[in-house]
Amino acid sequence: MKNPRVPLLHNRMFVALQIGGFLSGFGDQVGAIALYWAVMTATGRSLDMGLITLLLGLPGLLSGMVWGELLDRWSKRWIIFFGKGLLGGIFYAMGDLQHTVSIALLYGLTLLAGLLAHLMTIGSFAMVPDLIGSSDLLRANTVNEVVTHLPIVVGPLVAGWLMTAGGAYSALRLAALSFWFTAALIFFLKSPSENRQTAGNCQFRSHGFFGSVGESLRAMIQNPALRWITVLMDLSKTDHR
């Protein structure tokens, strides 16, 4: 009897996507903990810790809808590549600037990081159907979900060890490298249906970018269940950080 798991393991593009997803989530965890530690060390104020948490988590309530629309309209690979590359640059800059700049600039960089934080999670689920097709989609999404949550366990352990050994600087550097490695993996991904556009997507795009984002926002606001699910999921991701 044929092992049904073999196709997923032999799909190099899918495996690369999972490695990239793990590295991205790992960078999120390590970078966030290092950032909290750097801010607490620099200012000693719990208020700043709260603001950093808010700036990392709150943008995801709205940016997810924007990323979803962008990923539907343009190349998923290029959007994730540039997004992860930029996020790596942000955390690299935080490592260099944590002791030499005002806290206001650090807030600004953190807000940018919060806007980019959910891109890989949304993008990986959007790319799985292109890489797998419909036959193994359920199993592929399950694997993707597990890989997405693995860094929640591994990341804080590594971040704690790094900050003990080399301080927040080393952890922020590692986070930046994780994002850059993710960008490199995504750059080399080739999806069989990357440029394929269905009739449904064409019809969806006819509403315009801002119209589609506004439609999604109105649906979330008007539907209490959807609104609370969105808020709770975003808060849970912030708690994991």
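# A guided tour of an all-helical predicted model

Begin with the whole chain in a cartoon view, where twelve helices and zero strands are found. This is a predicted model, and from the N terminus on its elements run α-α-α-α-α-α-α-α-α-α-α-α. Of the 241 residues of the chain, 41% count as buried. Among the contacts with a separation of 6 or more, residues 24 or more positions apart account for 81%.

**Colour by confidence**

Next, colour the chain by pLDDT, which averages 78, with 74% of the residues scoring at least 70. Among the elements, helix α5 has the highest mean pLDDT, at 91, whereas helix α10 (residues 199-205) has the lowest, at 46. If you select residues 195-204, you will be looking at a stretch in which the pLDDT is below 50 and which has, beyond near neighbours in sequence, six contacts in the model.

**Select α2, then α9**

Now select α2, a helix of 32 residues that reaches 46 Å from its first C-alpha to its last, close to the 46 Å expected at 1.5 Å a residue. At the start of this helix, show the side chain of Asn11, where a side-chain oxygen comes to within 3.2 Å of the backbone nitrogen of Met13. At the other end, just after α2, select Gly44, which takes a positive phi of about 70°.

Then move to helix α9 (residues 151-187), and ask what span separates its end C-alpha atoms. The model places them only 22 Å apart, although a straight helix of 37 residues would span 54 Å at 1.5 Å a residue. To see where the helix turns, centre the view on Gly166, at which α9 bends by about 130°.

**Select the core**

The largest nonpolar core has 47 residues, and the members that touch the most others are Leu17, Phe91 and Met94. Several helices each supply at least two residues of this core, namely α2 (12-43), α3 (46-57), α4 (60-73), α5, α6 (103-116), α7 (119-132) and α9. Of these, α2 gives the most, with twelve residues. In soluble globular proteins, nonpolar side chains tend to be buried together.

Keep Phe91 selected and ask which residues it touches, not counting those up to four places away in sequence. They are Gly31, Ala32, Ala113, Leu172, Ala175, Ala176 and Phe179.

**Select four buried residues, one by one**

Arg77, the residue to select next, lies in helix α5 (residues 76-97). Is this arginine buried or exposed? Arg77 counts as buried because its relative accessibility is 8%, below the cut-off of 20%. Display its side chain together with the backbone of Leu189, and you will find the backbone oxygen of Leu189 at 3.1 Å from a polar atom of the Arg77 side chain. A further distance to draw here is the one from Arg77 to Phe188, which are 111 residues apart in sequence and 8.7 Å apart in space, C-alpha to C-alpha.

Asn144, found in helix α8 (residues 137-149), is another polar side chain to inspect. With a relative accessible area of 2%, Asn144 is buried. Leaving aside neighbours within four places in sequence, Asn144 is in contact with Gln18, Ser124, Phe125 and Val128.

Leu56, in helix α3, is likewise worth selecting, and its relative accessible area of 3% makes it buried. Draw the C-alpha to C-alpha distance from Leu56 to Tyr107, and you will read 9.5 Å between two residues that are 51 apart in sequence.

Finish at Leu116, which has its place in helix α6 and is buried, with a relative accessible area of 7%. Which residues are in contact with Leu116 when neighbours within four places in sequence are left aside? The list is Trp67, Gly83, Lys84, Leu86, Leu87 and Ile90. A last distance to draw joins the C-alpha atoms of Leu116 and Gly64, which are separated by 9.1 Å and lie 52 residues apart along the chain.

Terms used. Residues numbered from 1 in each chain as written. Predicted model: local features only at pLDDT ≥ 70, side-chain atom pairs only at ≥ 80, totals over all residues. Heavy atoms only, no water. Buried < 20%, exposed > 50% of the residue type's maximum accessible area, 1.4 Å probe, protein only. Polar contact = N/O pair within 3.5 Å; in protein donor to acceptor, adjacent residues only side chain to side chain. Expected span 1.5 Å × (residues − 1). Bend = angle between axes of the 7 residues up to and from the residue. Core = buried A, V, L, I, M, F, W, Y, C linked by side-chain atoms within 4.5 Å. Contact = heavy atoms within 4.5 Å. pLDDT = per-residue confidence, 0-100.
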